[in-house]
Amino acid sequence: VQKGDTVYIEHRGFHKGQLIDSNPEGEPLLVKVGKHSIIAGMEKAMIGMCVGEKVEADIPPHLAFEEPGKSYRSPAPKVRTHVAVSRMCRVFSDRGMDGSHAR
């Protein structure tokens, strides 16, 4: 995965072991990497991932729900770390779609 790619991911976000964010209705989440459609820390963790790969990222508050220009509030207190678990499902890019390896 590179900046600019469009990806489908399975995503779950936790705070203190409690689920605070996940894919709506269990469907993969469509994300344009680099367009700030998800938290910055998760975008950063996805760079370099391959299809089928799973990543667990400990995301500090400044890379969690603190996006510039966003007006929403974090469900997680600013003093704690948000842990996101994602699995890369599919990658689309201007280089074409690759169902087995994203590069």
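In this predicted model, the protein is built from one helix and five strands, and read from the N terminus these elements follow the order β-β-β-α-β-β. The chain has 103 residues, of which 33% count as buried, and its accessible surface comes to about 6,400 Å², with 49% of that area belonging to carbon and sulfur atoms. Among contacts in the protein with a separation of 6 or more, 66% are accounted for by residues that lie 24 or more positions apart.

**Strand 1 and its partners**

Strand 1 covers residues 6-15, and its side chains alternate between two faces: Val7, Ile9, His11, Gly13 and His15 point to one face and are buried, whereas Thr6, Tyr8, Glu10, Arg12 and Phe14 point to the other and are not buried. This agrees with a general pattern, in which the side chains of a regular strand alternate between the two faces of the sheet.

Strand 1 pairs with strand 2 (residues 18-22) in the antiparallel sense, through four bridges, and the hairpin that these two strands form has two residues between the strands, with Lys16 taking a positive phi near 50°. Strand 1 also pairs with strand 3 (residues 29-32), again antiparallel and over four bridges. Some of the residues that stand opposite one another are listed here.

| Residue in strand 1 | Partner | Strand of partner |
|---|---|---|
| Val7 | Val31 | strand 3 |
| Arg12 | Ser22 | strand 2 |
| His15 | Gln18 | strand 2 |

**His11, a buried polar residue**

His11 has a relative accessible area of 9%, which is under the 20% cut-off, and therefore counts as buried. Its side chain makes a polar contact with the side chain of Asp21 at 3.1 Å, and another with the side chain of Ser86 at 3.3 Å. Leaving aside neighbours within four places in sequence, the residues in contact with His11 are Asp21, Ser22, Asn23, Met42, Ala84, Val85 and Ser86.

**Arg87 in strand 5**

Arg87 is found in strand 5, which spans residues 82-92. Is Arg87 buried or exposed? With a relative accessible area of 31%, Arg87 is partly exposed, because this value falls between the limits of 20% for buried and 50% for exposed. Not counting residues up to four places away in sequence, Arg87 touches Tyr8, Ile9 and Glu10, and also Gly52, Glu53 and Lys54. Arg87 and Pro28 are 59 residues apart in sequence, yet their C-alpha atoms are 9.3 Å apart in space.

**The nonpolar core**

Which residues have the most contacts inside the largest nonpolar core? They are Val1, Val7, Met42, Met46, Ile59 and Met88, in a core that has 18 residues. Strand 1, helix 1 (40-46), strand 4 (54-59) and strand 5 each supply at least two residues of this core. In soluble globular proteins, nonpolar side chains tend to be buried together.

Met46 illustrates how separate parts of the chain meet: beyond residues up to four places away in sequence, Met46 touches Val1, Val7, Ile9, Val31, Val33, Ile38 and Met88. Val7, which is one of the residues with the most contacts inside the core, stands opposite Val31 in strand 3, and both Val7 and Val31 are among the residues that Met46 touches. Met42, also named among the core residues with the most contacts, is in contact with His11.

Terms used: Residues are numbered from 1 along each chain as its sequence is written. This is a predicted model: local features need pLDDT of at least 70, side-chain atom pairs count only at pLDDT 80 or more; totals for chains, interfaces and linings use all residues. Side-chain values use heavy atoms; hydrogens and water are left out. Buried means under 20% relative accessible area, exposed over 50%, partly exposed in between (1.4 Å probe, protein chains only). Contact means heavy atoms within 4.5 Å. Accessible areas come from the Shrake-Rupley method with a 1.4 Å probe; for residues, only the protein chains shown count as cover. A polar contact is a pair of N or O atoms within 3.5 Å; within protein, one must be able to donate a hydrogen and the other to accept it, and residues adjacent in sequence count only if both atoms are side-chain atoms. Two strands pair if DSSP finds at least two bridges between them. A nonpolar core is a set of buried Ala, Val, Leu, Ile, Met, Phe, Trp, Tyr and Cys residues joined through side-chain atoms within 4.5 Å.
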